[in-house]
Amino acid sequence: MTLPHPNTDQISLPIVLAVLGDPTRLAIVRYLASKEGVPLNCSQFLDLGSKTNLSYHLAKLREAGVTRAEVVGTSRLITLRRDDLDRRFPGLLDSVIAAAGEDTALPAVGAQDIEISA
């Protein structure tokens, strides 16, 4: 089973910004960025809400082109589409992640693992 993802040229700035405007989704992106290149299982984000709620947020991120989800057995491995986003909107992701790193109002996910660079 494969999940649909937009091609790089189909990623839309208004949609990406709208998706990243949600605190839960922004917390997911911040955590994925802290684990750059390491595919994370959906269960890594369970402290952000119920499985149903989490599935909704992960689908929104995937549909917007912010993340990639790969089905492996009964698991879904999530990665950040940094290369695609950087190619489409240079510097946007870094700016959003830097601002999110300073936002104490965002929900915590793996907070002990996140390294915020100055």
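Arg81 touches a fair list of residues even when those up to four places away in sequence are left out: His5, Pro6, Asn7, Thr8, Ile11, Gly65, Val66, Thr67 and Arg68. This arginine sits in the loop between strand S3 (75–80) and H4, and Arg81 is buried, with a relative accessible area of 5%. Keep in mind that this is a predicted model. Beyond Arg81, here is a quick look at helix H1, the pairing of H2 with H5, and the sheet.

**Helix H1**

- H1 covers residues 13–20, and its buried residues are Val16, Val19 and Leu20.
- Look down the axis of H1 and those buried residues fall within an arc of 95°, so they line one face of the helix.
- As background, an α-helix has 3.6 residues a turn, so residues three or four places apart point the same way.
- Flip to the face of H1 turned away from the buried side and you find Pro14 and Ala18, which are exposed.
- What covers the buried residues of H1? The cover includes four helices: H2 (23–34), H3 (51–64), H4 (82–88) and H5 (92–101).

**H2 against H5**

- The axes of H2 and H5 come within 10 Å and cross at roughly 105°.
- An angle between 65 and 115 degrees counts as roughly perpendicular, and H2 and H5 are therefore roughly perpendicular to each other.
- On the H2 side, the contact is made by Leu26, Val29, Arg30 and Ala33.
- Across from them, H5 brings Leu93, Val96, Ile97, Ala100 and Gly101.
- Sorted by type, the residues of this H2–H5 contact come out as 7 nonpolar, 1 polar and 1 charged.

**The sheet**

- The sheet is open, has 3 strands and runs in the order S1-S3-S2, with antiparallel pairing.
- S1 (40–41) and S2 (67–72) are the edge strands, each pairing on one side only.
- In general, strands of a sheet pair through backbone hydrogen bonds, either parallel or antiparallel.
- How many bridges link S2 and S3? The two strands pair in the antiparallel sense over 6 bridges.
- Within this part of the structure, Val71 stands opposite Arg76 in S3.
- H2 turns up here too: this helix packs on the sheet and touches S1, S2 and S3.
- The direction of H2 makes about 80° with that of S3.

**Where the pieces meet**

- H2 ties the topics together, being part of what covers the buried residues of H1, meeting H5 and packing on the sheet.
- S3 pairs with S2, and the loop between S3 and H4 is where Arg81 is placed.

Key:
Residues numbered from 1 in each chain as written. Predicted model: local features only at pLDDT ≥ 70, side-chain atom pairs only at ≥ 80, totals over all residues. Heavy atoms only, no water. Buried < 20%, exposed > 50% of the residue type's maximum accessible area, 1.4 Å probe, protein only. Arc of directions from axis to C-beta. Contact = heavy atoms within 4.5 Å. Axes fitted to C-alpha atoms, helices over the stretch in contact; angles between N-to-C directions. Parallel < 35°, antiparallel > 145°, perpendicular 65-115°, else oblique. Nonpolar A, V, L, I, M, F, W, Y, C, P; charged D, E, K, R; others polar. Pairing = 2+ DSSP bridges.
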